[in-house]
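Here are some notes on the model, set out point by point for a colleague who has the structure open alongside. They move from the strands to the annotated sites and then to a few individual residues.

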Amino acid sequence: MRKIYVFDTTLRDGEQSPGVNLNTREKVEIAHQLERLGIDRMEAGFPAASPGDLAAVNAVAKAVKNVTVIGLSRSREQDIDAVKEALKGAQDPCIHVFLATSPIHRQHKLRMDKGQVLDTARSAIRYAKKTFSKIEFSLEDAGRTEYDFLVEMVNMAVEEGASVVNIPDTVGYLSPYEYGNIFKHLKENVHNIDKVQLSAHCHNDLGMATANTLAAILNGADQIEGTINGIGERAGNTAIEEIAMALETRQEFFQAKTTLQLSEIARTSRLVSRLTGMVVPGNKAIVGANAFAHESGIHQDGMLKEKTTYEIMTPETIGLKESKLVLGKHSGRHAFRERLIDLGYELDEEALNRAFAQFKDLADKKKEVTDEDLLAVIEEKLQDA
Ligand code: KIV
Ligand code: ZN
């Protein structure tokens with residue numbers, strides 16, 4: 001089974017979510033949990049962005065032991081120097097240098113032609129190479145870059161000795177077919193492509209970040225980049241927990257796996273949500289409150305007979321205790337009776353029928369009927385009897 005390396009950028013791209021600002025203590029707390037989760041590489045921040053971020057990256061670099069710690073840098077010597085400073089004390093440091101390659105970015109943002117982009121990136125990698133043995137180079141907005149220029153840029157990065165080349169869909173523009181095809185094209189057209197790892201980095205503007213990342217894996221990507229809970233710029237980045245669980249649940253299809261400790265997923269998600277203040281929507285895949293909850297009577301009956309009828313993965317795998325059967329207006333007698341048994345009540349048929357009718361009346365008025373509501377219904381019925 002092919003190993004897919006996990007590059008977590010919760011502390012950098014994730015922190016770029018509007019309204020999120022993590023202090024050093026919070027970054028270190030998340031970094032320790034990411035280490036427990038077993039990620040391979042961690043982007044701790046963008047040291048040139050502010051003295052505070054440089055200090056936070058340095059604190060993370062010193063705090064974690066078993067993970068490669070990465071600092072982001074534009075293709076500029078001052079940025080590279082800032083990463084050098086920030087990663088002092090790291091066990092396994094790596095610099096992440098980037099430059100935009102798409103026509104839109106070349107023309108409007110960089111005001112450079114292709115030759116200038118190529119030369120600027122080459123000089124930056126050479127300069128970084130004086131300090132770092134591990135370099136990741138990213139072609140920002142690769143998703144909207146001409147195929148021949150992508151090949152030229154990746155050839156250059158391989159020649160200059162980058163260890164990882166990242167192909168970001170910076171604005172979440174591509175479909176899975178198109179994104180996967182870029183990896184296929186690079187594998188077929190770049191000289192010595194086996195000397196580098198190719199990395200997928202997707203944004204979720206059209207809700208396709210996870211699908212695009214999986215398409216990249218199917219077409220030979222060695223590394224995936226993402227964040228916990230999918231937080232990040234605009235609509236966010238690929239959610240790492242979604243990739244990990246897709247590979248775990250559909251191993252036979254993807255023939256690839258991460259080495260994450262999957263049972264740490266729920267805890268990591270809760271910590272990131274609490275410290276960033278980014279609430280996880282209830283219906284979020286894998287880590288939403290409803291991801292393992294069942295409300296309708298038909299589903300609950302199936303679950304009580306055999307869990308695989310309605311669950312393709314177990315809550316225990318991600319570190320949760322159990323699935324939830326939520327009692328609401330769609331619920332049936334089977335789940336109702338089981339919940340009463342859990343609460344210590346085994347009613348005869350007639351009492352159960354009366355209690356169930358009253359429960360349905362209540363369920364029409366409330367979104368969820370809690371255990372306290374049920375106890376009130378039962379106590380009332382028992383007093384009537
Ligand atoms: O989305 C992007 O292009 C980035 C780069 C800095 C890698 O985050
Ligand atoms: Zn990004």
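**Notes on the predicted model**

1. Strands β3 and β4 are paired in the parallel sense, over four bridges, and within that pairing R41 stands opposite T68 in β4. Strand β4, which runs over residues 68-74, is mostly covered, five of its seven residues being buried. These descriptions, like those below, refer to a predicted model.

2. On its pairing with β2, strand β3 (residues 41-45) is again parallel, here over two bridges with β2 at residues 5-8. The bridge partner of D8 in β3 is M42.

3. Both pairings belong to a closed arrangement, in which eight strands form a barrel in the order β2-β3-β4-β5-β6-β7-β8-β9 with parallel pairing. If direction is ignored, neighbouring strands of this sheet are turned by 25 degrees against each other on average. As background, the strands of a sheet pair through backbone hydrogen bonds, in either the parallel or the antiparallel sense.

4. The UniProt record, in an unreviewed entry, lists "domain: Pyruvate carboxyltransferase" for residues 4-266. Over residues 4-266 the chain is 43% helix and 18% strand, and the C-alpha atoms at the two ends are 21 Å apart.

5. Which residues surround ligand 1? The shell consists of D13, F98, S138, E140, N166, P168, T170, H201 and H203. By class, the residues of this shell divide into two nonpolar, five polar and two charged. Two of the barrel strands, β6 (135-140) and β7 (164-169), each supply at least two residues of the shell around ligand 1.

6. UniProt, in an unreviewed entry, places the feature "binding site" at D13, H201, H203 and N237. They span 225 residues in sequence, yet no two of their C-alpha atoms are more than 10.5 Å apart, so the four positions gather at one spot. Of these annotated positions, D13, H201 and H203 also appear among the residues around ligand 1.

7. Taking the annotated positions singly, D13 is found in the loop between β2 and α1 (24-37). D13 counts as buried because it has 24 C-beta neighbours inside 10 Å, where 20 or more are required. With residues up to four places away in sequence set aside, D13 touches T227, G232, E233 and N237, so that another annotated position, N237, is among its contacts.

8. N237 lies in the loop between β9 (223-226) and α9 (240-249), and N237 is likewise buried, with 32 other C-beta atoms within 10 Å. Not counting residues up to four places away in sequence, the contacts of N237 include T9, D13, G14, C202, H203 and N204, and also A209, G226, T227, G230 and G232.

9. Helix α9 is mostly covered, eight of its ten residues being buried. Those residues are I240, E241, E242, I243, A244, M245, A246 and L247, with E241 and E242 among them. The buried residues of α9 pack against β2, α8 (209-218), β9, α10 (251-254), β10 (256-257) and α11 (265-276).

10. Two backbone conformations deserve a look. N229 has a positive phi of about 65 degrees although it is not a glycine; N229 is found in the loop between β9 and α9 and counts as buried, with 29 C-beta neighbours inside 10 Å. R111, which is also a residue other than glycine, has a positive phi near 50 degrees; R111 is placed in the loop between α4 (103-110) and α5 (114-129). Is R111 buried or exposed? R111 is exposed, because 9 other C-beta atoms lie within 10 Å and the limit for an exposed residue is 12 or fewer.

11. Finally, M153 is placed in helix α6 (residues 147-159) and is buried, with 24 other C-beta atoms within 10 Å. Leaving aside its neighbours within four places in sequence, M153 is in contact with T101, L118, A121 and L139. The C-alpha atoms of M153 and A289, by contrast, are separated by 43 Å, and the two residues are 136 places apart along the chain.

Methods. Residues numbered from 1 in each chain as written. Chains lettered and ligands numbered in written order. Predicted model: local features only at pLDDT ≥ 70, side-chain atom pairs only at ≥ 80, totals over all residues. Contact = placed C-beta atoms within 7 Å. Near = placed C-beta within 6 Å. Nonpolar A, V, L, I, M, F, W, Y, C, P; charged D, E, K, R; others polar. Pairing = 2+ DSSP bridges. Axes fitted to C-alpha atoms, helices over the stretch in contact; angles between N-to-C directions. UniProt positions renumbered as here; feature names shortened; annotations may be inferred.
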